Structures are given as structure tokens and as C-alpha cells.
Amino acid sequence: MSNTLVWHIVRDHNSFFRKQASNGAKFSAEAGNLYNRHSFKHSALANPKFLDIQAKDGAVKVVRGSEKNANKPRKVAASAYIVKSNARRAIAAVGKQTGSFRKDLQKAAVGRMSAIQKSLRVQRTTKTA
């Protein structure tokens with residue numbers, strides 16, 4: 001099935017769709033949507049080539065979707081790996097991988113990765129005299 005047809009089917013009726021009543025902004029809560037915007041370009045439901053970055057057990061899990069298994073929902077997540085290394089190396093690695101995979105999502109992937117790395121950072125305690 002074509003990506004455009006899938007988007008037209010799920011565009012107005014899916015469980016991930018969030019609409020703000022105050023200003024009418026449309027958001028999406030689906031996994032693989034790095035910008036959380038409800039649009040064809042950012043949707044992981046309509047685009048088989050997606051990247052999902054999540055925090056999991058003190059590490060960062062990166063899932064990459066493949067176009068090869070687009071019609072097999074169980075196998076669409078082609079590769080998943082967990083990053084536990086240095087934050088700067090991890091951010092650079094995600095930037096490189098996204099650049100070769102989907103150049104338009106590179107900025108969002110690096111931003112999401114740095115935000116998750118920042119949230120996982122251990123806070124230092126200060127001594128009080």
C-alpha cells in the first residue's frame with residue numbers, strides 16, 4: 001500500500017492524534033515521530049523510514065524503521081540498539097546515522113538525543129557548610 005494512501009486513511013482517525021482546543025494545534029503521540037507533529041512528513045505510521053529515540057533503563061534506545069518490511073508491522077523496526085556510551089559520541093553517532101538515513105530528520109534526532117541524555121545525567125550534590 002502506498003504511503004500517501006496510508007496517511008489519508010489514518011490522518012483523521014488514529015489513537016495518537018492530539019488536538020489542542022485553545023489554538024487548534026495538531027500533535028501526535030506516536031512512537032517514531034521525533035517532532036510530535038501531526039503531519040505526513042513526520043508520521044511513523046505513514047512513513048516506513050522512521051527513527052525512534054527513547055530513554056529506557058538509564059540508557060537510550062534507538063529504533064530505526066525499514067522500508068523493506070513496510071507491510072509487516074511486527075518487523076518494520078529493522079534495527080534497535082541501546083546506547084550507554086559517552087553522551088557526545090552517542091549524539092554524533094545518531095546524527096551520522098540519521099544523515100545517511102533521512103536527512104530531513106537529522107536536526108530533530110540530535111535534539112531528541114541530547115534532551116534524553118540531559119535528562120539521564122546524574123545531578124551533583126553540593127556540600128553545605
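**Fold, helix H3 and confidence**

Reader: What share of the contacts in the protein with a separation of 6 or more comes from residues 24 or more positions apart?

Author: This is a predicted model. Among contacts in the protein with a separation of 6 or more, those between residues 24 or more positions apart account for 38%.

Reader: In what order do the elements of the protein run from the N terminus on?

Author: The protein has three helices and five strands. Read from the N terminus on, the order of these elements is α-β-β-β-β-β-α-α.

Reader: What length does helix H3 reach from its first C-alpha to its last?

Author: Helix H3 covers residues 106-120, which is 15 residues. At 1.5 Å a residue the expected span is 21 Å, and the helix comes close to that, reaching 21 Å.

Reader: Why are the buried residues of H3 on the same side of the helix?

Author: Buried here means under 20% relative accessible area. In H3 this applies to Ala 108, Ala 109, Met 113, Ile 116 and Gln 117. They lie on the same side of H3 because the arc they cover around the axis is only 165°.

Reader: Which residues are exposed on the other side of H3?

Author: Exposed stands for over 50% relative accessible area. On the other side of H3, the exposed residues are Lys 107, Lys 118 and Ser 119.

Reader: Where in the protein is confidence lowest?

Author: Across the protein the average pLDDT is 81, and 89% of the residues score at least 70. Confidence is highest in H3, at 88. Where pLDDT is low, the predicted coordinates should not be read in detail. The lowest confidence, a mean of 68, belongs to strand E5 (residues 77-83).

Conventions
Residues are numbered from 1 along each chain as its sequence is written. This is a predicted model: local features need pLDDT of at least 70, side-chain atom pairs count only at pLDDT 80 or more; totals for chains, interfaces and linings use all residues. Side-chain values use heavy atoms; hydrogens and water are left out. Helices (H or I, at least four residues) and strands (E, at least two) are DSSP runs, numbered from the N terminus. Contact means heavy atoms within 4.5 Å. The expected span of a helix is 1.5 Å times one less than its number of residues. Buried means under 20% relative accessible area, exposed over 50%, partly exposed in between (1.4 Å probe, protein chains only). The arc is that of the directions from the helix axis to the C-beta atoms. pLDDT is the predictor's confidence in each residue, from 0 to 100.
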